[in-house]
Amino acid sequence: GQGIKLIDKQALLFNGMKAIWIKGEQRALGINFTKYVLILGGSEETLIINGVAPVDSSDLAQDVKEAMRSTVYDANIKIDPMEIVDFRLDIKDSKFQ
């Protein structure tokens, strides 16, 4: 399967920021998964945190939700995501600058 069936969507405050919490279900590789997405940010950046657990594993799903909800966001910490990946993107000949 490709699409995600929306189960629940909630607006909330997360670390003092407006956020959206989404719960959905998706079938992949013959397994039904519960997917969680936490979206937060402001005018400068958007953060998306994803979590997934098999539908029939409620203990794991609870652990995933707790881990996601325990995330701490500090806008004062600046991270260059390209410093921590093991690949490079060459955009010199693209329209992305």
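In this predicted model, a convenient place to enter the fold is V37, whose bridge partner in strand 4 is N50. That pair belongs to the antiparallel pairing of strand 3, residues 31-41, with strand 4, a pairing that extends over nine bridges. The two strands are part of an open sheet of four strands, arranged in the order 1-2-3-4 with antiparallel pairing. The edges of this sheet are strand 1 (5-14) and strand 4 (46-54), each of which pairs on one side only, and neighbouring strands are turned against each other by 20° on average, with direction ignored. Helix 1, formed by residues 58-69, packs on the sheet and touches strand 1, strand 2 (17-28), strand 3 and strand 4, while its direction makes about 165° with that of strand 4.

From here the sheet can be followed from its other edge. Strand 1 and strand 2 run antiparallel and are joined by nine bridges, and K5 stands opposite E25 of strand 2. Of the ten residues of strand 1, the number buried is one, so this strand lies largely in the open. Strand 2 is then joined to strand 3 by ten bridges, again with the two strands running antiparallel, and in this pairing A28 has I31 of strand 3 as its bridge partner.

The connections between these strands deserve attention for their backbone geometry. As a general background, most residues other than glycine have a negative phi. Strand 1 and strand 2 form a hairpin with two residues between them, and in its turn N15 has a positive phi of about 55°, although N15 is not a glycine. This residue lies in the loop between strand 1 and strand 2, where N15 is partly exposed, with a relative accessible area of 39%. The hairpin of strand 2 and strand 3 likewise has two residues between the strands, and here L29 takes a positive phi near 55°, although L29 is not a glycine either. L29 is placed in the loop between strand 2 and strand 3, and at 85% relative accessibility L29 counts as exposed.

What lies in the interior? The largest nonpolar core is made up of eleven residues, namely F14, M17, A19, W21, Y36, L38, L40, A53, A61, V64 and M68. Strand 2, strand 3 and helix 1 each supply at least two residues of this core. One of the core members, M68, touches F14, W21, Y36, V37, L38, I49, N50 and G51, when residues up to four places away in sequence are not counted. The contacts of M68 thus include both V37 and N50, the bridge partners with which this description began.

Another core residue, W21, also takes part in an arrangement with a charged side chain, as R69 lies over the face of W21, at 4.3 Å from the ring centre.

A further buried position is T34, which is placed in strand 3. Because its relative accessible area is 5%, under the 20% limit, T34 counts as buried. With residues up to four places away in sequence left out, T34 touches K23, G24, E25, G51, V52, A53, P54 and V55. Among these contacts are E25, the residue of strand 2 that K5 stands opposite, and A53, a member of the largest nonpolar core.

The end of the tour leads away from the sheet, to the segment after helix 1, where I84 is found. Is I84 buried or exposed there? At 69% relative accessibility, I84 counts as exposed. The C-alpha atoms of I84 and D56, residues that stand 28 apart along the chain, are separated by 34 Å.

How values were computed: Residues numbered from 1 in each chain as written. Predicted model: local features only at pLDDT ≥ 70, side-chain atom pairs only at ≥ 80, totals over all residues. Heavy atoms only, no water. Lys NZ or Arg CZ within 6 Å of the ring centre and 35° of its normal. Pairing = 2+ DSSP bridges. Axes fitted to C-alpha atoms, helices over the stretch in contact; angles between N-to-C directions. Contact = heavy atoms within 4.5 Å. Buried < 20%, exposed > 50% of the residue type's maximum accessible area, 1.4 Å probe, protein only. Core = buried A, V, L, I, M, F, W, Y, C linked by side-chain atoms within 4.5 Å.
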